[in-house]
Amino acid sequence: MVNHPMNQPLKIGLIGCGGVMRGFHLNPGWYAVPGAEVIAACDLYEPGSRKLAADFNIPHTFTDFRDLLALKEIDAVDICVPNKAHTPAVLAALEAGKHVLCEKPLAVSVEEVLAIRAAAQKTGLVLMTAQHHRFSEASVAIKAWCDSGALGEVYHARVNATRRNQLPINPGFIDPTLSGGGPCMDIGVHALDTALWLMGFPRPVRVSGRAHTNFAKGFDIPGAWGEWDRTLFGVEDFASGYVHFSNGSTMVLEASWLQHQEKEELNATLQGRKSSIRWPSGHFHTVTNRALVDGMVLPQQGRRPAHTEEIIAFADAIRNGKPSPVPVDETLHVIAILEAIMQSSRLNEEVTLPDFSKMTAAA
Ligand SMILES: NC(=O)c1ccc[n+]([C@@H]2O[C@H](COP(=O)([O-])OP(=O)(O)OC[C@H]3O[C@@H](n4cnc5c(N)ncnc54)[C@H](O)[C@@H]3O)[C@@H](O)[C@H]2O)c1
């Protein structure tokens, strides 16, 4: 890792100027990082980058990320394009010598993540997947509690990213050529990444899953975010998976955008040998001297919004030569599980996962 001197500004290029960039990454996001200067913005849709640049006084705009990457003074890029466009942008950025923060999912297949890992390993640059939930007040407190040993060895996890009628209507989410997947890749990835992180990333070895498109092609459930193009919709609206890990623990995962349920759920329950805990509520259950005990891990007060903390952590890793706050090897396990759920559904059989630590990009 190379340190970036504190007395020099950290110059940032933005790739993708849509909803998450404007609403979460740029402000407060990058504007909360001392010494960071956003100097370029790129979007395929030229008015998008021009409007962002005008609103935030960003000097350079581009429609092709290769032109942005050619700017020598850029130290790091922040990538917020649709999922399927992540890999080419990440690979080009690493090739150009830029540190990379990329929105989730880093890539939509194991093959792509392996290619990204190989490229990153050659450079020593910071590559971080933007899994902002790890940086929330609740997550940081629960992680510290789990790591203290209070939970004990986790033998099972229930992971839930399900919604009643919040289907993202933007083609970037529902057109498989842009999104590479439905709710699994969109919101399942958040709950799965957080649960695996709290569990200490056990190695997944076998996965079975089932994906359905139950409601999204019809008109029965009214979308809270408006109408979507039923002809473009080509991903699942529900998926479930069952995962075995090499240490004998298991996980059940559900992800949906549309189904009959009371309200949106984004949570995980970890069953440990000493206690169980629920993320993000922090509620835990245990026993002490044969007395049943319920309690709550309180959120760590005083933190900034999770996306902002994520960007601060990325900048800190660059400045101080620290390892990536969300390393690609962890993301590889997340994507492998999500890909295997879909593969298992197509094949109608359980999928065995290799030991990725021994694999190269070409394997
Ligand atoms: N972590 C979160 O809270 C969160 C929330 C929403 C979206 N996301 C992720 O962020 C990414 C973007 O989502 P969004 O909601 O901002 O989508 P969006 O459609 O609002 O914005 C994406 C932008 O990327 C541009 N674009 C597409 N291909 C491009 C390319 N090759 N080069 C340059 N620009 C390109 C589009 O024109 C668009 O303006 C997705 O990967 C999504 O999964 C994360």
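The protein chain in this predicted model is divided into two domains, and each of them is assembled from two stretches of the sequence: domain 1 takes residues 10-132 together with 306-325, while domain 2 takes residues 153-273 together with 336-352. If you look at where these two domains sit, the centres of their C-alpha atoms lie 26 Å apart, and the contact between them takes ten residues from domain 1 and 13 residues from domain 2.

Let me turn now to the ligand. The space that the ligand takes up is the largest pocket, and 19 residues surround the ligand there, with Gly 19, Val 20, Asp 43, Asn 83 and Asn 170 being the closest. Which domains supply this shell? Domain 1 and domain 2 each contribute at least three residues to the shell around the ligand. Sorted by class, the shell has seven nonpolar residues, nine polar ones and three charged ones.

Next, please look at some individual polar contacts, beginning with Asn 170, where an N or O atom of the side chain lies 2.9 Å from an oxygen atom of the ligand. His 132 also takes part through its side chain, since one of its N or O atoms there is 3.2 Å from a nitrogen atom of the ligand. At Leu 44, by contrast, the partner belongs to the backbone, where a polar atom lies 3.2 Å from a nitrogen atom of the ligand. How much of the ligand's accessible area does the protein cover? On its own the ligand has 840 Å² of accessible area, and the protein covers 81% of that.

To bring the two parts together, then, the ligand occupies the largest pocket, and its shell draws on domain 1 as well as on domain 2.

Terms used: Residues numbered from 1 in each chain as written. Predicted model: local features only at pLDDT ≥ 70, side-chain atom pairs only at ≥ 80, totals over all residues. Heavy atoms only, no water. Near = heavy atom within 4 Å. Polar contact = N/O pair within 3.5 Å; in protein donor to acceptor, adjacent residues only side chain to side chain. Areas by Shrake-Rupley, 256 points an atom, 1.4 Å probe, with all protein chains shown as cover. 1 Å grid on protein atoms, 1.4 Å probe; cavity = no way out; pocket = protein on both sides within 12 Å on 5 of 7 lines; lining within 4 Å. Sits in = over half its atoms within 2 Å of the grid points. Nonpolar A, V, L, I, M, F, W, Y, C, P; charged D, E, K, R; others polar. Domains from an automatic or database assignment. Contact = heavy atoms within 4.5 Å.
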